[in-house]
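User: I am new to this structure and would like a careful, close look at one part of it, with the surroundings brought in where they help.

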Amino acid sequence: MIELVSESKCIECNVCVNVCPTNVFDMVPDAPPTIARQSDCQTCFMCELYCPTDALYVAPQVEPLESVNEQVLAEKGFLGSYRRDIGWGRGRESGAKQDSTYELLKHMK
């Protein structure tokens, strides 16, 4: 579930607003988008995936977290972590090369 739009990292491009399939965000003039309908979040990670500055955090849990601390998330490398893990973004390499599940398919034939 979407948990955070970082005010310090967000460049107000509103890409997250435009890619969200369930209309979770609202645009705010001269400010980062707001999470207006958190309960509508389907945890699809599209917003985090497309954010060019890794300003979003989507928690894998489908229930809202009780507390969200941006500094702790940043220190632990959670901001934009889904995007980083799959290799989206300039200078990143896909993590798919490290995924060995494809080996299972060889044994299923």
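Is Asp30 buried or exposed? Please start from there and then take me through the interior of the chain, its cysteines and its aromatic pairs.

Analyst: Asp30 is exposed, because its relative accessible area is 75%, and the cut-off for that word is over 50%. The model is a predicted one, with a mean pLDDT of 87 for the chain and 86% of the residues at 70 or more. Among the elements, strand β2 (residues 25-28) has the highest mean pLDDT, 98, while helix α5 (residues 102-107) has the lowest, 64.

Asp30 sits in the loop between β2 and β3 (31-35), and although Asp30 is not a glycine, its phi is positive, at about 55°. Most residues other than glycine have a negative phi. Asn14 also has a positive phi, near 65°, without being a glycine, and its place is in the loop between β1 and α1. Asn14, however, counts as buried, because its relative accessible area is 13%.

From these loops we can turn to the interior. In soluble globular proteins, nonpolar side chains tend to be buried together. The largest nonpolar core here has 16 residues, and the members that touch the most others are Ile2, Cys16, Val24, Phe25, Cys47 and Leu56. Two or more residues of this core come from each of β1 (2-5), α1 (15-19) and β4 (56-58). Apart from this core lies another one of five residues, including Leu4, Tyr57, Leu73 and Leu79. Back in the largest core, Cys47 can serve as a guide: once its neighbours within four places in sequence are set aside, Cys47 is in contact with Ile2, Cys16, Val19, Phe25, Leu56 and Val58.

The cysteines deserve a closer look. A disulfide is a covalent bond between the sulfur atoms of two cysteines, and a search of the whole structure finds zero disulfides. For Cys41, the closest cysteine sulfur is that of Cys47, and the two are not bonded because 6.3 Å between the sulfurs is too far. Cys41 is nevertheless buried, with a relative accessibility of 14%. Cys44 is likewise without a bonded partner, because the closest cysteine sulfur, in Cys20, is 6.2 Å from its own, which is too far. Cys44 is partly exposed, at 35% relative accessible area.

The aromatic rings give a further view, with three aromatic pairs counted. One of them joins Tyr50 and Trp88 in an edge-to-face arrangement, with 5.1 Å from centre to centre and 90° between the planes. This pair links distant parts of the chain, since Tyr50 belongs to helix α2 (residues 46-50) and Trp88 to the loop between α4 (81-86) and α5, 38 residues apart. Tyr50 is partly exposed, with a relative accessible area of 37%, and Trp88 is partly exposed as well, at 35%.

Another of the pairs is formed by Tyr57 and Phe78, which are stacked, with their centres 6.0 Å apart and 20° between the planes. Because Tyr57 is in strand β4 and Phe78 is in the loop between α3 (70-75) and α4, this pair ties together parts that are 21 residues apart in sequence. Tyr57 is buried, with a relative accessible area of 9%, whereas Phe78 is partly exposed, at 34%. Tyr57 is also one of the residues in the five-residue core that lies apart from the largest one.

Note on methods. Residues numbered from 1 in each chain as written. Predicted model: local features only at pLDDT ≥ 70, side-chain atom pairs only at ≥ 80, totals over all residues. Heavy atoms only, no water. pLDDT = per-residue confidence, 0-100. Helix = DSSP H or I, 4+ residues; strand = E, 2+ residues; numbered from the N terminus. Core = buried A, V, L, I, M, F, W, Y, C linked by side-chain atoms within 4.5 Å. Buried < 20%, exposed > 50% of the residue type's maximum accessible area, 1.4 Å probe, protein only. Contact = heavy atoms within 4.5 Å. Disulfide = S-S within 2.5 Å. Phe/Tyr/Trp six-rings, centres within 6.5 Å; stacked < 30°, edge-to-face > 60°.
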